[in-house]
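Thanks for asking me to look at this one with you. Here are my notes, written for someone meeting the structure for the first time.

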Amino acid sequence: MNCKIVILSDKVLAGDARVDIQALSKIMLGYGLNSEEIVIKKQNEKFDDFSSPTFLFLHDDLIDNFVSECKIFYSSKSEIVEGEGVLTGDDYPILVLPIEADLPVLMKKSLEKIKERFSLPNILTFRMYGQTKDQVEEKLEGISISSDYSLYSDGLSTDLYLKKNISSEFISDDEVIINKTFGENIYAQSNMSIAEVATKMINLSNIKIAINDSFTCGSVARELLQCGAARLSSETFSFAIDNGFVKTDTESIFRDENEMVNKTSFVLLEKKKADISIVISGRKVGVYYHINMALGSKKSIEVYNLSIEGNQQDAIRVATNSALFNLIKKLRIKDFENL
């Protein structure tokens, strides 16, 4: 189903308030809605085209008495009415949400309310790490998928939304083909974040994890703690290699700091009596951030390297998600269950 997003706010136009259109579009795709049209207007401009499902975002000063929640309206011919009245085939949902509230949360709650009422399709979400949209599309061209699907990518990972027959409780041939094609790159078949998936696996395994994520400023531990991870030990300190001179070539940096994160990972396992240790270090060289990451257990310590072009926030985000994804892969190994 196609729908439109409408934003009425002078403050948004002035940049004082931000609406993450990509995040909202991603949520909508998970409910089978395509936001092909995005309209931004000043708050004194008239908007009366409700000929399709509409998500209307208003700034707080335009909303009376429901700043922290959303209201669902419906268009009935030329009128806009609130409530749960009987709808005809020409009626469409109009969601009115305050911009300064937690829009993703409100959007999900709203869509759950109208899902059955407007016969929104049942959507399966395949979340894939390390796959660009082009890579996913290329692989999809080589297989036969009978169901409709949509793709969303943030450049780091890609979500594949597959329309599923609501009446069927069985795994479809399409699901089997997608799982086989994308393999371990799929870290979730739901709208769970990568941190939520990792946290669920940690708690089910009842393992202890020790983390030193100096480069990411504690974001790996913070993501897991916010999702309710248990038995987590975290500390942040700076890495330093004092060898009398500064090395600038990538190979030397990786070699020396790989040894550092490897040793730190081993120390964490011993010192914290942990089942898994995660260590992340990094530095900027030219336009790149060079990341050294170690993921250790009592059986082995693996070291990973990343070179990320962009600003520091981009580098932290990529390094954090990469660490969480490698953790998920580690927890999937059957031998690890016997720790």
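**Notes on the model**

1. Let us begin with a single pairing: Ile-123 has Lys-163 in β9 as its bridge partner. The wider pairing joins strand β7 (residues 122-129) to strand β9 (residues 157-164) through eight bridges, and these two strands run antiparallel. Please keep in mind throughout that this is a predicted model.

2. Now step back to the sheet around that pair. Four strands form an open sheet in the order β8-β9-β7-β10, with antiparallel pairing. At the edges are β8 (149-153) and β10 (186-188), each of which pairs on one side only. On average, neighbouring strands in this sheet are turned by 30 degrees against each other, ignoring direction.

3. A helix goes with this sheet. Helix α5 lies across β7, β9 and β10, and runs at about 165 degrees to β9. Asp-174 is a residue worth finding here, as its place is in helix α5 (residues 173-182).

4. Is Asp-174 buried or exposed? Asp-174 counts as buried because its relative accessibility is 4%, and the cut-off for buried is under 20%. Its side chain is joined to the side chain of Ser-147 by a polar contact of 2.5 Å. Leaving out residues up to four places away in sequence, Asp-174 touches Ser-144, Ile-145, Ser-146, Ser-147 and Leu-162.

5. For the whole chain, the secondary structure comes to nine helices and 15 strands. Of the 339 residues in the chain, 46% are buried. The accessible surface comes to about 17800 Å², and carbon and sulfur atoms account for 47% of that surface. If we take contacts between residues at least 6 apart in sequence, 66% of them join residues at least 24 apart.

6. Next, the nonpolar interior. In soluble globular proteins, nonpolar side chains tend to be buried together. Here the largest nonpolar core has 36 residues, and Ile-278 and Leu-327 are those with the most contacts inside it. Two or more residues each come from β10, α6 (194-205), β11 (209-213), α7 (219-226), β13 (276-285), β14 (288-297) and α9 (312-332). The element that gives the most to this core is α9, with 10 residues.

7. Which residues are in contact with Ile-278, leaving aside its neighbours within four places in sequence? They are Ile-209, Ala-210, Ile-211, Asn-212, Leu-268, Ala-294, Leu-295, Ala-323 and Leu-327. There is also a second, separate core of 15 residues, with Ile-7, Ile-21, Leu-33 and Met-107 among them.

8. Strand β14 also takes part in a hairpin, which joins β14 to β15 through three residues. Nine bridges link β14 to strand β15 (residues 301-309), and the two run antiparallel. To trace one of these pairings by eye, start at Ile-291, whose bridge partner in β15 is Leu-306.

9. Finally, have a look at Asn-258 in helix α8 (residues 250-271). Asn-258 counts as buried because its relative accessibility is 18%, with buried meaning under 20%. A polar contact of 2.7 Å joins its side chain to that of Asn-305. The C-alpha atoms of Asn-258 and Tyr-304 are separated by 8.1 Å, although these residues are 46 residues apart along the chain.

Definitions and conventions
Residues are numbered from 1 along each chain as its sequence is written. This is a predicted model: local features need pLDDT of at least 70, side-chain atom pairs count only at pLDDT 80 or more; totals for chains, interfaces and linings use all residues. Side-chain values use heavy atoms; hydrogens and water are left out. Buried means under 20% relative accessible area, exposed over 50%, partly exposed in between (1.4 Å probe, protein chains only). A polar contact is a pair of N or O atoms within 3.5 Å; within protein, one must be able to donate a hydrogen and the other to accept it, and residues adjacent in sequence count only if both atoms are side-chain atoms. Contact means heavy atoms within 4.5 Å. Two strands pair if DSSP finds at least two bridges between them. Axes are lines fitted to C-alpha atoms, for helices over the stretch in contact, and angles run from 0 to 180 degrees between N-to-C directions. A nonpolar core is a set of buried Ala, Val, Leu, Ile, Met, Phe, Trp, Tyr and Cys residues joined through side-chain atoms within 4.5 Å. Accessible areas come from the Shrake-Rupley method with a 1.4 Å probe; for residues, only the protein chains shown count as cover.
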